[in-house]
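Work through the following exercises with the sequence and the model side by side. Each task sentence is followed by a solution that goes step by step.

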Amino acid sequence: MRKINTALIEQKVYEMALKAGVNLTPACKAALLKARDSESREATKFALETLIENSETAAKENMPVCQDTGMSVVYLEIGQDVFLEGKLLFKAVNDGVRRAYADGYFRKSVCDPLTRRNTGDNTPAVIHTEIVAGDKINITYMPKGFGSENMSRLFMLKPAQGIEGAIEAVVETVKLAGSRPCPPVYVGVGIGGTFDTCAWLAKKALMRDVGEPNGNPAVAEIEKLALRKINGLDIGCQGFHGKTTALGVACEVAPTHIAGLPVAVNIQCHCVRCVKEVL
């Protein structure tokens, strides 16, 4: 049994939030560079170059890479041989987020859904936990902007619609979104489970590096086919048309009921911000 004080988790979340707010992931940056180099349209190439320049300036000046500094999504994989001591885990995570958004001068975007009154400190965070083997804690921190989040959709397909129906749902979602989620987008897909779990699978998929295929070849093929169809839509960077409407498609699957085929599509803009640490 290994003891971990939640004060350490709070500090780690604080550091991760500050880092994520000003940096694209290396995989996202590489995908944007690849998209720029492969583009022939001058307007689209210019738009991609502007996104790349913005990310470099943000990192250099330690400034938010996007004005929408997002709603904090925190995923904790907690080893079953870990004993947590100190303040409550969820309070520790939220205290870390609260401090980071104040010290980083990040926009506070979280509000009550009914009164629309801002909480003032970007909490509460969305926190997911999973008990895993071992005596470590894997922390993933991802700030999620809502220009792209609002373009996400959930489908309860008929089993007979199969893989083809799932891919059609993904492509349709991106097509209807058009330029609104600030493409080129990163598309998270969840297939299976229940109404709620497939949505979490789609979010979890976005925590993979852009371009990293699913370890299951059958699922990786779905990602490949969906990406090809999406990039055939000719929406392009910021809607200027072009070869790259999506930087990547990441899909996670789970067993589901014989009577259903849930499919969730979670859209992420070009500004992929995700930091991972192990305690």
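**Exercise 1.** Leaving aside neighbours within four places in sequence, determine which residues Met207 is in contact with, and then place Met207 in the largest nonpolar core.

*Solution.* Taking contact to mean heavy atoms within 4.5 Å, and leaving aside the neighbours within four places in sequence, one finds Met207 in contact with Val73, Tyr75, Thr140, Met142, Trp200, Cys274 and Lys276. The model is a predicted one, so local features need pLDDT of at least 70 and side-chain atom pairs count only at pLDDT 80 or more, whereas totals for chains, interfaces and linings use all residues. Residues are numbered from 1 along each chain as its sequence is written, and side-chain values use heavy atoms, with hydrogens and water left out.

The next step is the core, defined as a set of buried Ala, Val, Leu, Ile, Met, Phe, Trp, Tyr and Cys residues joined through side-chain atoms within 4.5 Å; buried means under 20% relative accessible area, exposed over 50%, and partly exposed in between, with a 1.4 Å probe and protein chains only. The largest such core has 27 residues, and Met207 belongs to the group that touches the most other members, together with Leu24, Cys28, Leu32, Tyr186, Val210 and Leu247. Two or more residues of this core come from each of helix H2 (26-38), helix H3 (42-61), strand S2 (71-79) and strand S8 (246-256), where helices (H or I, at least four residues) and strands (E, at least two) are DSSP runs numbered from the N terminus.

**Exercise 2.** For the salt bridges of Glu10 and Glu252, identify each partner and decide whether the residues are buried, partly exposed or exposed.

*Solution.* A salt bridge requires a side-chain nitrogen of Lys or Arg within 4 Å of a carboxyl oxygen of Asp or Glu, and by this rule the count comes to 19. Glu10 pairs with Lys87, with 2.9 Å between the closest N and O atoms. Because Glu10 lies in helix H1 (residues 6-22) and Lys87 in the loop between strand S3 (82-85) and helix H4 (89-103), the pair ties together parts that are 77 residues apart in sequence. Glu10 counts as buried at 11% relative accessibility, while Lys87, at 31%, is partly exposed. Both residues also belong to a network of salt bridges that includes Lys91, Asp95, Arg98, Arg99 and Asp121.

For Glu252 the partner is Arg208, and the closest N and O atoms are 2.7 Å apart. This pair links distant parts of the chain, since Glu252 is in strand S8 and Arg208 in the loop between H7 and helix H8 (217-231), 44 residues apart. Glu252 is buried at 18% relative accessibility, and Arg208 is buried at 11%.

**Exercise 3.** Describe the span of H6, list its buried residues, and state what covers them.

*Solution.* H6 has 16 residues and reaches 23 Å from its first C-alpha to its last, close to the 22 Å expected at 1.5 Å a residue, the expected span being 1.5 Å times one less than the number of residues. Its buried residues are Gly165, Ala166, Ile167, Ala169, Val170, Val171, Thr173, Val174 and Ala177. The cover over these residues includes S6, strand S7 (185-193), H8 and strand S9 (261-268). After H6 comes Gly178, which has a positive phi, near 60 degrees.
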